[in-house]
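Here are my notes on this one, written as numbered points. Keep the viewer open and find each spot as you read.

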Amino acid sequence: MLLRPAHPSNPGVRVSVSDPEVSFVELNGVQTRVWRKGSGPRIGFLAGLGGLPRWIPFLDRLAETRTVIVPSLPGFPGGGRGHAQLDDQLDWVVATRRLVGLAGLDGADLVGSSVGGALAAEVAALWPEAVRRLALIAPFGLYEEAEPPADPWAQRADAVPALLCADPENWRRLKAPPEGANSIEWPIEQTRASEAAARFLWPLGNTRLAKRLPLIQAPTLLLWGEQDRVMPRSYADRFAKGIAGPSEIRIIPGAGHLAELDQPDEVAKAILAWTA
Amino acid sequence: MKFMWFHLMPYTELPDDFREKHPSVWVDIHSSLFDPKRAHHMYNDFMDELEYAAECGFDAICVNEHHSNGYGLMPSPNLIATSLARRTRETPICVMGNSLALYNPPTRVAEEFAMIDVISGGRLIAGFPVGTPMDTCFAYGQNPSMLRERYLEAHDLVIRAWTEKDTFAFNGRFNQQRYVNIWPRPVQQPHPPVWIPGGGSVETWRWCAEKDYVYCYLSYYGYKAGKAIMDGFWAEMDRLGKDRNPYRAGFLQFVGVAETREQAMELYKEPAEYFYGRCLHVDGRWATPPGYVTEATQRAGLQSQVAKAAGSESTLGKGTQERFAGTAKDMQGIVDRGYVIIGSPDEVAEQLREVATSLNVGHFMLLLQYGNMNKELTKYNTRLFAEKVMPKLKDLFSEWEDRWWPKPMAAAERAVLPDFTATPRALAAE
């Protein structure tokens, strides 16, 4: 077990981070990474912008009481170049549905953040039996002209960390090459994650998910970082209004768009309570 | 050696404090900076200049496509090209070109290019750029992750539309059309020569070699920055067993000719600094939509010995922001780095001979108008070049055949064009 300092704002606290079990499933002919850790009822996580080039403390919090299963989305770290064969919305949704099944998440609770949130919502809408309870962290998928989401791709490189996290260091930590990483392939993999998200969401992030929200029967928790600079907070209300099943909105103080990076404890606690 | 006169059609009245007050010349440049009545004069001056270049004896005149761009006022180069087809008689017209993925359906390009080829009597060079990130992904909203695949598919569709004799169905990944059958069909058979402007990617070089297309490196940073790219291109042609025919390649170069070098420095300082200072002021936000640069090219950029050897002069594998940020913006730097070649006719001819031979390019695409250069100076530069520089270099590469040049109808077969301009009789009588 590896000990690492936790959030820099709590320098006194140390959290335990250990590596998850890694396996691979074949999705559309592409070897796709699935992380698994912990024991207890299953809960899945579909990552947001940037994907998961490394295991994060948020997943450890979930793994304390649950079996956490984290399949990589196509093109995201661990997902190879799977995005390159997904040409439209239907391709993405079907791939995600298959991934949920291949990862052993059928009928389990499902969490999706940002990009992964839009896809988790689709799966819950179209295959109600696949998802028990749903938690969405600032999901993409809707677009309101009067209040558009930020354009995550039209950014100067140095503006990205503060756009995605309340504390930019949390993003930098996610993306910093670990010791021994391939100095050529690592940056390419990070760009690929951004490309995969763009392939699915370019240019506005509007997947017309609004049309399918009424099909979501699963009880849905909507988590929003108080300092989300990508997805306006009002979108939480739009989701809540559109979803057919019961829903609840939870605002996370001190968190940005990727709330699970900024406030892993708070976000995990809320999700664990919702899916208990 | 071929000398092609290229116009970007820059808006010539961007304010002096443009760099300080405005984030970008491209994509979100503010509409308040555009005065349509001033632009009326600009367009007409620019078209006069292109026609003048034809009159002076340049081998071809060139136009290109940009969108939401303060230095390129040709969202549709085809409109200009058609007008040029009527106002010139012999000179080939190079449209450099149509960004294939932006046309829906792409058969529109096959049709419009065929129209230009027919109207001009077979004088068209058909350029197919992928298009810059600013033009394609941002101004036109194309998905950067699918842009290249769409481009390649559109290319296949256009070529088939030009060459297949019967109506056919196209069942593409991105385009489906039940009845493809364009009218008109091009004069040049099987189709007009295809030229590909591209960056320094190995995939593009291989593709050009496979298809037997001309590869053009259109950079604003001159021959010093372009050397590494063209060396890479020729090394790849060697590997593929292709000959070193310099007409396989085109290269863009800014030039300013005057009686003396000092005079050239003085005359072209303002337009050059306007271009490199204002026209290339592009917000870094628009530089690198993910997926626009292929992974193979990213990899090459990250590991290339070529890039390392060429050091900071090389643009290989660098994003737009990086390229724009480190550029010279003062005349001395612009000239020292080779962005603009200046001098007396003899000096310019000597430098261009050196560039043509060291890069091995048979098609020079010359920018003799740039930035806010006015018509008078543009014509001076153009005429001096045509009269005093061109003859000195004309014979270069005469041992090679240019297989990629338009093959127009014989003059005797072509329509007789009226003398322009057509003024209503009532007005003309006044």
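1. Let's start where the two chains meet. Chain A and chain B bury about 1900 Å² between them, and 52% of that is on carbon and sulfur atoms. On the chain A side, the residues that lose the most area to chain B are Arg156(A), Arg199(A) and Trp202(A), together 32% of what that side buries. Do keep in mind that this is a predicted model.

2. Who takes part in this contact? It draws 22 residues from chain A and 24 residues from chain B. Between the two chains you can count 14 residue pairs in polar contact, with both residues at pLDDT 80 or more. Sorted by class, the side of chain A that touches chain B has 9 nonpolar, 5 polar and 8 charged residues.

3. Now for the charges. Side chains of opposite charge can pair when their charged atoms come close. There are 6 salt bridges between chain A and chain B, and the count over all chains comes to 42. Which residue of chain B forms a salt bridge with Asp87(A)? That would be Arg173(B), with the closest N and O atoms 2.5 Å apart. The pair crosses between chains: Arg173(B) sits in the loop between strand 5 (168–171) and strand 6 (176–180) of chain B, while Asp87(A) sits in the loop between strand 6 and helix 2 of chain A.

4. Next, have a look at the sheet in chain A. It is an open sheet of 8 strands with mixed pairing, and the order is 3-4-6-5-7-8-9-10. Why do strand 3 (21–27) and strand 10 (247–252) of chain A each have one side without a neighbour in the sheet? Both stand at the edges with a single partner strand, so one side of each is left free of a neighbour there. From one strand to the next, the twist averages 20°.

5. Let's zoom in on one pairing. Strands of a sheet pair through backbone hydrogen bonds, either parallel or antiparallel. Strand 4 (residues 30–37) and strand 6 (residues 67–71) of chain A take the antiparallel sense, over 4 bridges. One spot to find is Lys37(A), whose bridge partner in strand 6 of chain A is Val68(A). Helix 2 (residues 89–102) of chain A packs on the sheet, where it touches strands 3, 4, 5 (42–46), 6 and 7 (108–113) of chain A. The direction of helix 2 makes about 135° with that of strand 3 of chain A.

6. Last, a few backbone spots to check. Most residues other than glycine have a negative phi, and most peptide bonds are trans. Ala138(A) is not a glycine, yet it has a positive phi of about 40°. You'll find Ala138(A) in the loop between strand 8 (131–137) and helix 4 (160–164) of chain A. In chain B, the peptide bond from Asn104(B) to Pro105(B) is cis, with omega near -5°. Pro105(B) lies in the loop between strand 3 (93–95) and helix 4 (107–119) of chain B. The bond from Trp183(B) to Pro184(B) is cis too, with omega near 0°, and Pro184(B) is in the loop between strand 6 and strand 7 (194–197) of chain B.

Conventions. Residues are numbered from 1 along each chain as its sequence is written. Chains are lettered from A and ligands numbered from 1 in the order in which they are written. This is a predicted model: local features need pLDDT of at least 70, side-chain atom pairs count only at pLDDT 80 or more; totals for chains, interfaces and linings use all residues. Side-chain values use heavy atoms; hydrogens and water are left out. Two strands pair if DSSP finds at least two bridges between them. Helices (H or I, at least four residues) and strands (E, at least two) are DSSP runs, numbered from the N terminus. Axes are lines fitted to C-alpha atoms, for helices over the stretch in contact, and angles run from 0 to 180 degrees between N-to-C directions. Contact means heavy atoms within 4.5 Å. Buried area is the accessible area (1.4 Å probe) that two parts lose on being put together, summed over both. A salt bridge is a side-chain nitrogen of Lys or Arg within 4 Å of a carboxyl oxygen of Asp or Glu. A polar contact is a pair of N or O atoms within 3.5 Å; within protein, one must be able to donate a hydrogen and the other to accept it, and residues adjacent in sequence count only if both atoms are side-chain atoms. Ala, Val, Leu, Ile, Met, Phe, Trp, Tyr, Cys and Pro count as nonpolar, Asp, Glu, Lys and Arg as charged, and the others, Gly among them, as polar.
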